[in-house]
Amino acid sequence: MFIYDKKLQYPVKIDKPNPRLAAIIISQYGGPDGELGASLRYLSQRYSMPFDELKGLLTDIGTEELGHLEMIGAIVHQLTRNLKDSQIKDSAFAPYFVDHTIGVYPTAASGFPWNAASMAVKGDPMADLAEDLAADGTTA
């Protein structure tokens, strides 16, 4: 069971709209290595983890990733609210705006919507953990 705290862990306060930046940051929300995929990857991998302490860790990380998803969503929303027509027309945000206006939709910066094909859940603890390291950009 999850408990939701009705506030962001790190408050997001953006006053000035910036559709160009939003068009890039949206990928961190729903791109192939974004927070949506990360949260679902960890929360799905926990079921086949044979060690209880690691199952709990995957659950904790997946839950934390949901918090990141919420922060990125708040950033995108605040970057796009109160846009002027000229800001929409003259930015990389225009194609996104056509389909979603100022809604926060899980998509990559390239315009491809999020889908589960961008994450791996193999059921093998070593394969899954290697996927987690690769997706989170951790290097040795």
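This passage describes the fold, the enclosed helix α2, the salt bridge and the nonpolar core of a predicted model.

The model is a prediction in which local features need pLDDT of at least 70 and side-chain atom pairs count only at pLDDT 80 or more, while totals for chains, interfaces and linings use all residues. Residues are numbered from 1 along each chain as its sequence is written, and side-chain values use heavy atoms, with hydrogens and water left out.

The protein chain holds six helices and zero strands, where helices (H or I, at least four residues) and strands (E, at least two) are DSSP runs numbered from the N terminus. Its order along the sequence is α-α-α-α-α-α. The C-alpha trace spans about 55 × 30 × 30 Å along its principal axes. Of the 140 residues, 34% are buried, that is, under 20% relative accessible area with a 1.4 Å probe, counting protein chains only. Contacts (heavy atoms within 4.5 Å) reach well along the chain: of those with a separation of 6 or more, 73% join residues 24 or more positions apart.

Helix α2 is a good place to look next. Nine of the eleven residues of this helix (residues 35–45) are buried, so α2 is largely enclosed by the rest of the structure. The buried residues are Glu35, Leu36, Gly37, Ala38, Ser39, Arg41, Tyr42, Leu43 and Gln45. Their cover includes α1 (19–30), α3 (52–80) and α6 (125–135).

One of these buried residues, Arg41, also takes part in a salt bridge with Asp132, with the closest N and O atoms 3.1 Å apart. This pair connects distant parts of the chain, since Arg41 lies in helix α2 and Asp132 in helix α6, 91 residues apart. Asp132 is buried, as is Arg41. A search of the whole structure finds one salt bridge, defined as a side-chain nitrogen of Lys or Arg within 4 Å of a carboxyl oxygen of Asp or Glu.

The picture is completed by the nonpolar core, a set of buried Ala, Val, Leu, Ile, Met, Phe, Trp, Tyr and Cys residues joined through side-chain atoms within 4.5 Å. The largest such core has 14 residues, and those with the most contacts inside it are Ile25, Ile26, Tyr29, Ile72, Val76 and Phe93. Helices α1 and α3 are the elements that give two or more residues to this core, and α1 supplies the largest share, five residues. Leaving aside residues up to four places away in sequence, Val76 touches Ala22, Ile25, Ile26 and Val104.

Note on methods: Buried < 20%, exposed > 50% of the residue type's maximum accessible area, 1.4 Å probe, protein only.
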